[in-house]
Amino acid sequence: MVKFYVNVHYNEKDIAKKGTRWDQDKKKGFVPENIDSLAFIKWVTELNPENNYNLYSEHYFIGECMDKCWNCKKNILLYTF
């Protein structure tokens with residue numbers, strides 16, 4: 001199971017406890033698979049507007065890899081989702 005970690009502010013911990021669980025090893029809260037993670041989106045550091053991320057989906061992911069261009073034969077970055 002992949003854990004969806006959240007960074008909850010201390011003054012909001014009681015709100016987050018209603019759906020998150022605690023990972024004792026990492027000392028972080030996470031959203032279990034059976035809970036809709038969109039309800040906890042405001043506590044995802046990586047999606048903070050200051051980090052220039054503007055995409056989130058619970059079911060889609062962006063992948064990046066390097067490959068050779070079929071035309072010029074140079075290494076290029078490829079993206080998929």
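This passage walks through the nonpolar core, a surface patch and the salt bridges of a predicted model.

Starting on the inside, the largest nonpolar core is built from six residues: V6, A16, V31, F40, W43 and V44. V31 makes a handy way in. Leaving aside residues up to four places away in sequence, V31 touches F4, V6, T20, S37 and F40. Two of these partners, V6 and F40, belong to the core along with V31.

Moving to the outside, I62, M66, L77, Y79 and F81 come together in a nonpolar surface patch of about 630 Å². Within this patch, Y79 sits in strand β5, which spans residues 75–80. Y79 counts as exposed because its relative accessible area is 54%, and the cut-off for exposed is over 50%.

As for charged pairs, a search of the whole structure turns up two salt bridges. One joins K42 to E12, with 3.0 Å between the closest N and O atoms. This pair ties together distant parts of the chain, 30 residues apart: K42 lies in the loop between β3 (28–31) and β4 (63–68), while E12 lies in the loop between β1 (4–6) and α1 (13–16). The two ends sit in opposite settings: K42 is exposed, at 55% relative accessible area, whereas E12 is buried, at 18%.

The other salt bridge pairs K13 with D14, and here the closest N and O atoms are 3.3 Å apart. K13 has a relative accessibility of 29%, so K13 is classed as partly exposed.

Definitions and conventions: Residues are numbered from 1 along each chain as its sequence is written. This is a predicted model: local features need pLDDT of at least 70, side-chain atom pairs count only at pLDDT 80 or more; totals for chains, interfaces and linings use all residues. Side-chain values use heavy atoms; hydrogens and water are left out. A nonpolar core is a set of buried Ala, Val, Leu, Ile, Met, Phe, Trp, Tyr and Cys residues joined through side-chain atoms within 4.5 Å. Buried means under 20% relative accessible area, exposed over 50%, partly exposed in between (1.4 Å probe, protein chains only). Contact means heavy atoms within 4.5 Å. Patches are made of residues with over 30% relative accessible area and no salt bridge: like charges are joined within 9 Å, nonpolar side chains (Val, Leu, Ile, Met, Phe, Trp, Tyr) within 5 Å. Accessible areas come from the Shrake-Rupley method with a 1.4 Å probe; for residues, only the protein chains shown count as cover. A salt bridge is a side-chain nitrogen of Lys or Arg within 4 Å of a carboxyl oxygen of Asp or Glu. Helices (H or I, at least four residues) and strands (E, at least two) are DSSP runs, numbered from the N terminus.
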